[in-house]
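Let's take a friendly walk through a protein model together. Have a look at the fold below, and then we will go through it piece by piece.

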Amino acid sequence: MAPIRRLVLDVLKPHSPSTVEVAREVADAAGVAGVNATLLETDREVQNLRLVVEGEAIDADEVERRVRDLGGTVHSVDEVVAGETLVEYRNQPQDPSPS
């Protein structure tokens with residue numbers, strides 16, 4: 001099976017634990033080399049994070065379990081890069097132009 005090299009996750013989490021704690025916990029998952037956690041939105045009860053997870057062979061199930069164990073929910077999986085090469089996204093002719 002092709003290894004997962006990058007996951008981009010939309011995560012909803014309570015205010016505690018902190019974004020730093022979530023990033024550190026996910027970074028300890030099998031196959032993860034690094035995590036970028038960006039706070040997108042916050043309200044009275046939850047925060048919305050974008051997690052960019054990269055590594056050589058990410059265990060996606062473990063990443064999602066770690067998010068759940070911290071009280072969070074993976075709202076969506078927005079990008080997956082799998083295979084021997086880390087493929088970067090490029091705009092395609094059919095993509096909408098920025099407004």
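## Strands and pairing

Before we start, one term: two strands count as paired if DSSP finds at least two bridges between them. Please also keep in mind that this is a predicted model.

## The sheet as a whole

How many strands form the open sheet? There are 4 of them, in the order β2-β3-β1-β4, and their pairing is antiparallel. At the edges sit β2 and β4 (73–82), each of which pairs on one side only. On average, neighbouring strands in this sheet are turned by 15° against each other, with direction ignored.

## Strand β1 and its two partners

Let's zoom in on β1, which spans residues 4–14. On one hand, 9 bridges join β1 to β3 (residues 46–55), and these two strands run antiparallel. You can find one such pair at Pro 14, whose bridge partner in β3 is Val 46. Another place to look is Arg 6, which stands opposite Glu 54 in β3.

On the other hand, 8 bridges join β1 to β4, and this pair also runs antiparallel. Here you can look for Leu 12, which has Thr 73 as its bridge partner in β4. Is β1 mostly covered or mostly open? Mostly covered: 9 of its 11 residues are buried.

## The helix across the sheet

Now find helix α1, made of residues 19–27. Which strands does this helix lie across? The answer is β1, β2 and β3, and the helix runs at about 150° to β2.

## A closer look at Asn 36

Our last stop is a single residue, Asn 36, which you will find in strand β2 (residues 32–42). Why does Asn 36 count as partly exposed? Its relative accessibility is 42%, and partly exposed is the range between the buried limit of under 20% and the exposed limit of over 50%.

What does Asn 36 touch? Leaving aside residues up to four places away in sequence, it touches Arg 50, Leu 51 and Val 52. Within its own neighbourhood in the chain, the side chain of Asn 36 makes a polar contact with the side chain of Thr 38, at 3.0 Å. Finally, try locating Ala 23: Asn 36 and Ala 23 are 13 residues apart in sequence, and their C-alpha atoms are 7.1 Å apart in space.

Conventions. Residues are numbered from 1 along each chain as its sequence is written. This is a predicted model: local features need pLDDT of at least 70, side-chain atom pairs count only at pLDDT 80 or more; totals for chains, interfaces and linings use all residues. Side-chain values use heavy atoms; hydrogens and water are left out. Buried means under 20% relative accessible area, exposed over 50%, partly exposed in between (1.4 Å probe, protein chains only). Contact means heavy atoms within 4.5 Å. A polar contact is a pair of N or O atoms within 3.5 Å; within protein, one must be able to donate a hydrogen and the other to accept it, and residues adjacent in sequence count only if both atoms are side-chain atoms. Axes are lines fitted to C-alpha atoms, for helices over the stretch in contact, and angles run from 0 to 180 degrees between N-to-C directions.
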